[in-house]
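Let's take a walk through this model together, beginning with one helix and ending with the empty space inside the protein.

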Amino acid sequence: MSNSSRSVRKAVRLALAACATTAAPLLVYAQAAAPATPPPVEEVVVTGSRLLQSPNDISVSPITSVSAVDIQQTGLVRTEDLLNNLPQLVAEQSSGVSISSVGVATLSLRGLGSQRTLVLINGRRMPPGGAGGVTGGQANAPDINQIPADLIERADVLTGGASAVYGADAVAGVVNFVLNTHYEGVKIDGNYSFNNHKNDNGAYLTYLQNFGAPIPPGTVNTGQNKDISIVAGSNFADGKGNATLYATYLKSNPSVGYQFDHAGCTLIGGSLPGSNIRCGGSGTSAHGQFLMLGLVGTSATTIVDNAVDPATGAFRQFNGIDLYNYGALSYFQRDAERYTAGGFLHYDFNDHASLYTETMFARNTSTAQYGPSGSFFNTVTIHCSDPLMTAAEHTTLCTGTNFAQNQALYGLTGDQITLYVARRSVESGGRQDNYASNAFRQVGGVKGAITSAWTYDAYGQVGITQFQDIEGDFLGNPQINNALNVVPGPGGAPTCESVISGADTTCVPWNVWVPGGVNATQLQYLTVPATFSATAKEYIADASVTGDLGKMGAQLPTATSGLNVNFGTEYRTERYDFSPDFVYLNGFQAGGAPSKAIAGGFHVWEAFTEARLPLVDDKPGAYRLSLEAGYRYSSYSLGFDTNTYKIGLNWAPIEDVRLRGGYNRAVRAPNLDELYEPAVVGAGGTADPCWGPINPATGFVGSNLTPAQCASTGVTAAQYGHISVNPAAQINTLVGGNTTLVPETADTYTYGVVFQPRAIPNLVASLDAYDIKIKKTIISLTSNTIINDCAVSNDPASCALIHRGPTGSLWLNTNNFVQATFLNIGNQSTKGIDLATRYRLDLGHGHRLGFNLAGTYAREFLTQPLPTAAAYDCKGYWGSTCNAPLPSWRHVLNTDWVTPWAGLDVTVRWRYIGSSSVDRSSPNPQLAALYYLSTAHIPAYNYVDLSLAIPFGNSVDFRLGINNIADKNPPLILNGALSDCPNTTCNDNSWAGTYDTLGRYVYGHVSVKF
């Protein structure tokens, strides 16, 4: 490692430690004895600025850092798991999401979404992850699975807008991964980890037993991870250059719902708040649910709701025991495999030209599994002459009043009837999404000195991600409809009508009418492949010059250093192509949603500048006082221009106390999904407030909406109290892009104080407030918001977005849906305070304690979805509208004990997640609704983690650890009529990514250096 490299690295450490810009544990710094007077070091560039600054200065914007040592102390091998432990981040896409997975891992700073969190690698924009075109996907959001954890030197999390420095998307802030690009030697790291859980909760086991679900083993070890990495680097040309290469491999085994007492079944409640908890699931039953509607008077009414008894074959009334437990097969941790490789090169030709390159490749594959495919209430017209029907089924469906009322409703003749058929294809196993991505990133640049006062940096970057999903074990809707429309063929044999007509001569009848009637030949016909491929491309050319004008005399007489400036320009182009196959395009895969092709892109040219001016140094009342500002102009090919800017002030009245504050105007341009995604209908909302029976105690349906309010949403008087509830707690939502979108704008304010008292050596504390206000929010309104706004305000614009079916349903047919395409319609804001403290205490005799606390207090999280509506506050809530929990307070406290005993290092970590409640319990009328009382409140959660590290000689380090020592069960979140568990990060009855859902995490790590 070159001397200059060592100086830069040391400067970074001193900058982070001395300035207290970090909030996460930085134990690697705490363990190094800090000299009383730091030696002179080179100026460095820190996250949030392009300017060089002294390590003794502090960043105007608060920065939280996670070091390589911090990463090792967690034992975690996936980058998203590492970052999600920080209190500033809220869970989004992660390895614990299955049914709503899009196959990537993303970061959501302050809970404002991955589309508003800019991710950098070594200070440069990380390319898009490519997971767009599908519900829940963000084409522009980077997939941080592409970053191997073993290569991270530190990760900086900057609060507040940074668009003036880095461009669009830095609304909530920035996450900058600083990688080890200048290594010397060889280092091999190996990790093995698994989850251990004791299935001993009596209540949970009783739920499973009462439902007849399999009982999991007493103790389960699952979700094993095997990770190995190698980093090798060497200086050459007498220290003028360095080449560093790396390769990593990670294999993660799946964890499945049925392995856990708290996830062995889908837990539901009834239609009333006091309903008992029980196992349930989907009305698309393993042995079938057959709904028959008929014209009764002038209304469409359910006249038959039967099931085929799995034991006797009787055609009887459908009841709760017939619900399908889809949660048992859902992955709690996705099966995954990752390969990464790359290299970094730099060579100093002379003082005026240093060449550098960064090459990174990552291949990620993962499998998400969830409940089997089947006929999800497909509307099928069949013949009563179907020889597969039993006599009892024929009598119920094809004779008398039922037959006549059904034909009258649908205008049928002959022996035809129309049914809603819900039948799981349990014989074919769980549905699977098999994701694969190949990501390539190449940076090439040159930098150096122009004069003693001016330097330059120019680089080009190419990022290409190819993404694919191959769906497995899905039935085809056209095949289902053909296979259920059966008539007598030659010799009276059951034959598809499509075979006789010649429309589909390969059709095989699907025998759902008797237990055990399905065979492999039927499944071979019914199962269809479905896939999509996507390519995201990003090209960047950037050049800037930085000048220390103090060397040219541009310096105030009251300051010891002069004006620092940066000027530059950047050109960026992005392209996204999403190509579904014929089945995926049309949504023919049963239990999947249609996704239309996307082909779009844009380019943007930008010019930027930044300046820092020291005002006063070493004066009474002003130990340090400096001002900084920045501006960026961006011109988009989409037809709009943006202006972003910042201004900040640092003031240290005395050496021990420093005050900082800043204002940023940030923007987020619409991403390619939001612009170009064609409109499609899929499962979206969690509950229709107008469905379900009338509560005799109130005279209203479960949500307490009146007949008049539901009438505004399209419910007739005859339908009120008679709309069927979807046991899977889903309604159809139409989503899609909008090419008329304009950028969001955000005003972000940060202000705080840093204490580093000389009277208490080794203590650093900072307290920083943040205030982020986003206008013209690009939003796809939730279907729940649209329905509630229509019902409460009778707003014509909202009511026009609701399209009910003949029974008032919003889920029985894809022609019935709530329209929620992207609009610039909302406002969003959040306020809070970050607390960071770090203290090192020398106990003598070789013992040393280090304490690091990172905490976040959320004061408010306001969303105003419609200009005509008031805002609602999700602080302290979770649920179908607020999504993942946003507690008032979260923190991580690390205590590190360095001992003299053979280098033993003991670390105890306390993770605290504050209490929160279901959003339906909020007094805000936009959120308030009936809710399940037994699970409405999540108490504060405390997790304790322990790790032990010890070196063997100078070349080997070994670490063992356990996270969640107490094996604390995650909180239960129910599905059902009053569902609180939306298909976002709620998976298998809990909030994946927020809580430890898999039990204890046990790990071992060994590092060998040569």
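In this predicted model, the buried residues of helix 15 are Ser783, Asn784, Thr785, Ile786, Ile787, Asp789, Cys790 and Ala791. Helix 15 spans residues 783–793 and is mostly covered, with eight of its eleven residues buried. Buried here means that under 20% of the relative accessible area is left.

What lies over those residues? The cover for the buried part of helix 15 includes helix 14 (707–712) and helix 16 (796–799). Strands take part too, among them strand 37 (732–735), strand 40 (802–803), strand 41 (817–819) and strand 44 (872–873). If you follow the chain just past the end of helix 15, you come to Asn794, which takes a positive phi of about 55°.

Now for the empty space. Rolling a probe the size of a water molecule over the atoms shows where such space is left. A search of the whole structure finds 15 cavities of 30 Å³ or more, and the largest has a volume of about 530 Å³.

Which residues would you meet around that largest cavity? Its lining is made up of 29 residues, and Leu76, Asp81, Gly993, Tyr995 and Asp996 lie nearest its centre. Helix 4 (79–84), strand 19 (331–333), strand 46 (889–898) and strand 47 (905–913) each supply at least two residues of this lining. Strand 47 gives the largest share, four residues. By character, the lining of the largest cavity divides into ten nonpolar, 13 polar and six charged residues.

Terms used: Residues numbered from 1 in each chain as written. Predicted model: local features only at pLDDT ≥ 70, side-chain atom pairs only at ≥ 80, totals over all residues. Heavy atoms only, no water. 1 Å grid on protein atoms, 1.4 Å probe; cavity = no way out; pocket = protein on both sides within 12 Å on 5 of 7 lines; lining within 4 Å. Points joined across faces, edges and corners; volume = space filled by probe spheres on them. Nonpolar A, V, L, I, M, F, W, Y, C, P; charged D, E, K, R; others polar. Buried < 20%, exposed > 50% of the residue type's maximum accessible area, 1.4 Å probe, protein only. Contact = heavy atoms within 4.5 Å.
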